[in-house]
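Let's take a walk through this one together, starting with an empty space inside and then moving on to a sheet. Have the model open so you can follow along.

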Protein chains: 2
Amino acid sequence: MRRFVVVGHRAVTDQHFKLDDLAGGAGRLDVLLRCVNSAFFLSHDMRRDTELYLVLQGEPDPPKCLRLVGSELRYLNPDERSTGALVRNALMKKAEMDWTRSTPGIYISRRGLSDVLEELSNDSELVYLREDGSELGGLPGGSATFVLGDDRDLTEGEEEVVRGFGPRRVSLGPRSLHTDHCIVLVHNALDRSD
Amino acid sequence: MRRFVVVGHRAVTDQHFKLDDLAGGAGRLDVLLRCVNSAFFLSHDMRRDTELYLVLQGEPDPPKCLRLVGSELRYLNPDERSTGALVRNALMKKAEMDWTRSTPGIYISRRGLSDVLEELSNDSELVYLREDGSELGGLPGGSATFVLGDDRDLTEGEEEVVRGFGPRRVSLGPRSLHTDHCIVLVHNALDRSD
């Protein structure tokens with residue numbers, strides 16, 4: 001299983017946002033929606049062996065976490081707008097500590113970053129993608145969880161949380177890249193090593 | 001210089017499309033807009049050494065070609081919708097064989113696939129990205145032009161045009177990928193070999 005955890009620092013936490021304003025009023029939700037695309041889409045197929053956790057930390061009701069499960073997903077299209085509508089549906093649900101199902105393969109909970117990493121670290125190695133990490137070739141096979149920021153790096157507090165789980169630090173190359181592009185590169189590196 | 005040529009088989013060729021319907025009425029223009037994102041965006045920076053050619057072959061007035069020049073681009077945001085608006089502006093211009101400037105770094109012309117490849121093959125090696133190509137590691141350094149389809153492979157006729165330029169055939173791994181994801185992988189491979 002490949003898992004990605006993306007921290008949406010200002011991503012909206014209720015359903016009152018406009019699909020025409022995903023990059024503005026929705027707190028750069030557009031960044032997270034592009035991560036949904038790169039986590040799951042293959043040409044005319046989907047990555048069923050992947051899960052994506054979007055940690056939403058924006059107003060008015062943080063934190064919330066969306067969990068997208070590749071093996072269960074339906075009704076997913078590659079464009080930002082239609083995925084934004086699915087996220088909005090999920091945010092209409094009451095968020096509790098347990099996962100509540102919204103649409104097929106999309107769940108919501110009240111969990112924050114540390115809750116999510118706590119859950120995932122039980123059965124997979126944690127990888128923190130950083131420019132000063134080791135070479136991409138060092139990616140672990142088997143089950144791994146990759147942690148990334150949105151358009152902003154993790155804060156010092158968030159880094160401390162991640163460090164508490166003893167992650168491997170991996171770099172994806174010499175340039176600083178968008179989060180959704182990082183996910184494409186991780187998938188490709190794992191595809192080649194499988 | 002890194003150049004990408006993407007064939008938009010059904011991509012709209014006038015300005016009468018809705019920004020809310022990029023994946024439908026605009027002939028999968030959303031696919032091409034995601035290619036704009038992956039061709040040019042770095043984290044808090046842009047790839048100035050890149051040009052992207054979008055060959056639009058849909059109704060009502062094909063072919064047209066958009067040329068995006070990284071060193072000149074301004075007003076570009078990562079989301080599909082705002083880039084869609086820039087494309088619409090360009091499609092309001094009259095398309096002639098010479099390039100007509102729309103907004104900074106965005107040009108339009110009446111050229112089709114063979115015209116574009118003819119122009120680019122003068123000073124750069126042509127690379128055709130195919131699943132049965134040779135390994136990614138074989139990417140040429142220096143100036144190269146990468147040719148890709150949109151959500152559909154090149155037609156037989158288009159393949160014949162490309163083959164006429166004696167391209168190198170390169171594969172990006174064992175899975176069949178979206179076009180914008182392919183562009184991310186090419187950039188990363190070239191970044192690492194620079």
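This is a predicted model, and its largest cavity has a volume of about 140 Å³. Of the 20 residues lining that cavity, the closest to its centre are Arg34(A), Asn37(A), Asp180(A), Arg34(B) and Asp180(B). So which elements do they belong to? That's easier to see if you look for the elements that give two or more residues to the lining: helix 1 (29–40) and helix 5 (179–193) of chain A, along with helix 1 (29–40) and helix 5 (179–193) of chain B. As for character, the lining splits into 6 nonpolar, 6 polar and 8 charged residues. The structure holds 3 cavities of 30 Å³ or more.

Now turn to chain B and find its open sheet. There are 8 strands here, in the order 6-7-5-4-1-9-8-10, and the pairing is mixed. Strand 6 (100–101) and strand 10 (168–170) of chain B sit at the edges with a single partner strand each, so one side of each has no neighbour in the sheet.

What holds strands side by side? Strands of a sheet pair through backbone hydrogen bonds, in either a parallel or an antiparallel way. For a parallel example, try strand 8 (residues 125–134) and strand 9 (residues 144–149) of chain B, which pair over 4 bridges. Zoom in on Leu126(B) and you'll find its bridge partner in strand 9 of chain B, Thr145(B).

Helices pack on this sheet too. Helix 1 of chain B touches strand 1 (2–8), strand 4 (50–56) and strand 5 (64–69) of chain B, and its direction makes about 170° with that of strand 4 of chain B. Helix 2 (residues 80–91) of chain B lies across strand 4, strand 5 and strand 7 (106–109) of chain B, at about 45° to strand 7 of chain B.

Methods: Residues numbered from 1 in each chain as written. Chains lettered and ligands numbered in written order. Predicted model: local features only at pLDDT ≥ 70, side-chain atom pairs only at ≥ 80, totals over all residues. Heavy atoms only, no water. 1 Å grid on protein atoms, 1.4 Å probe; cavity = no way out; pocket = protein on both sides within 12 Å on 5 of 7 lines; lining within 4 Å. Points joined across faces, edges and corners; volume = space filled by probe spheres on them. Nonpolar A, V, L, I, M, F, W, Y, C, P; charged D, E, K, R; others polar. Pairing = 2+ DSSP bridges. Contact = heavy atoms within 4.5 Å. Axes fitted to C-alpha atoms, helices over the stretch in contact; angles between N-to-C directions.
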